[in-house]
Amino acid sequence: MDLVGIREQAAQAAEEVCVGAKLHAGQLFVVGCSSSEVLGEKIGTHTSLEVAKALYDGIAEELEERGICLAAQCCEHLNRALVVERGVMERYDLEQVNAIPQPNHAGGAFATVAYQQMKDPVLVESLDARADAGMDIGGTLIGMHIHPVVVPLRISLDHIGEAVLICARRRPKYVGGSRAIYDEALL
């Protein structure tokens with residue numbers, strides 16, 4: 001297990017998503033992650049806090065440099081609730097729920113590490129589909145957290161470790177029909 005390599009891949013992917021999605025300070029970036037899949041195992045079967053920490057460190061460093069807010073998705077046993085900083089919850093008027101993610105029971109390793117590493121973490125039920133971009137590491141299904149319309153974002157990496165990496169960003173909805181002219185910068 002190459003933790004340095006995993007951290008570097010995670011950081012590179014986060015950087016490329018931030019650039020590709022044209023993110024700026026204050027926006028929300030959601031990450032769903034299966035440490036088992038990163039290790040080449042079936043989701044939920046080989047949870048690794050060490051892998052999750054390497055992923056978190058790489059991603060969080062890139063986001064922090066840009067002032068972008070991280071939302072760490074829990075597993076389905078916590079209904080894909082998210083770990084965010086209390087200030088993010090308050091700024092976005094999100095609903096706090098009462099649970100503490102655990103690596104092997106409910107939440108998953110990445111959410112557990114996020115809860116341990118954030119300054120003032122809380123668990124929120126949903127982002128109300130207000131994330132601006134995100135990374136799905138290992139098939140964890142993050143699309144529900146991103147603004148409509150969600151579009152795939154291709155970056156140079158398609159895996160982190162052994163896990164399939166799918167990135168996404170939002171784009172504003174098209175309105176106006178065939179007579180409308182669209183802002184190319186927002187496509």
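How many of the residues of β1 are buried? Keep in mind while looking that this is a predicted model.

1. Start with β1, residues 28-33. Here 6 of the 6 residues are buried, so the strand is largely enclosed by the rest of the structure. You can check this face by face: Leu28, Val30 and Gly32 sit on one side, Phe29, Val31 and Cys33 sit on the other, and all of them are buried.

2. Next, the neighbours of β1 in the sheet pairing. With β2 the strand runs parallel, and 4 bridges join the two. If you want a residue to click on, take Val30, whose bridge partner in β2 is Ala71. With β6, which covers residues 133-137, β1 also runs parallel, this time through 5 bridges. On that side, Phe29 stands opposite Ala133.

3. Now α5, residues 109-117. Its buried residues are Ala109, Phe110, Ala111, Thr112, Val113 and Ala114. What covers them? The cover includes the strands β1, β2 (69-73) and β3 (82-85), along with the helices α2 (35-38) and α3 (49-66). So β1 turns up again, this time as part of the cover over α5.

4. The packing of α3 on α5 deserves its own look. The two helices meet at an angle of about 60°, and their axes lie 8 Å apart. That angle makes α3 oblique to α5. Their crossing is right-handed. On the α3 side the contact uses Leu49, Ala52, Lys53, Leu55, Tyr56 and Ile59, while α5 brings Ala109, Phe110, Thr112, Val113, Ala114 and Gln117. Sorted by class, that contact has 9 nonpolar, 2 polar and 1 charged residues.

5. α3 also packs against α1, the helix at residues 3-20. Here the angle is about 35°, with the axes 8 Å apart. This crossing is right-handed too. From α1 the contact draws on Leu3, Ile6, Arg7, Ala10, Ala11, Ala14, Glu15, Cys18 and Val19. From α3 come Glu50, Val51, Ala54, Leu55, Asp57, Gly58, Ile59, Glu61, Glu62, Leu63 and Arg66. By class, the residues divide into 12 nonpolar, 1 polar and 7 charged.

6. One last thing to try on screen: colour Leu55 and Ile59 of α3. Both are in the contact with α5, and both are listed again in the contact with α1.

Technical notes. Residues are numbered from 1 along each chain as its sequence is written. This is a predicted model: local features need pLDDT of at least 70, side-chain atom pairs count only at pLDDT 80 or more; totals for chains, interfaces and linings use all residues. Side-chain values use heavy atoms; hydrogens and water are left out. Buried means under 20% relative accessible area, exposed over 50%, partly exposed in between (1.4 Å probe, protein chains only). Contact means heavy atoms within 4.5 Å. Axes are lines fitted to C-alpha atoms, for helices over the stretch in contact, and angles run from 0 to 180 degrees between N-to-C directions. Angles under 35 degrees count as roughly parallel, over 145 as roughly antiparallel, 65 to 115 as roughly perpendicular and the rest as oblique. A crossing is left-handed if the near helix is turned anticlockwise from the far one by less than a right angle, and right-handed if clockwise. Ala, Val, Leu, Ile, Met, Phe, Trp, Tyr, Cys and Pro count as nonpolar, Asp, Glu, Lys and Arg as charged, and the others, Gly among them, as polar. Two strands pair if DSSP finds at least two bridges between them.
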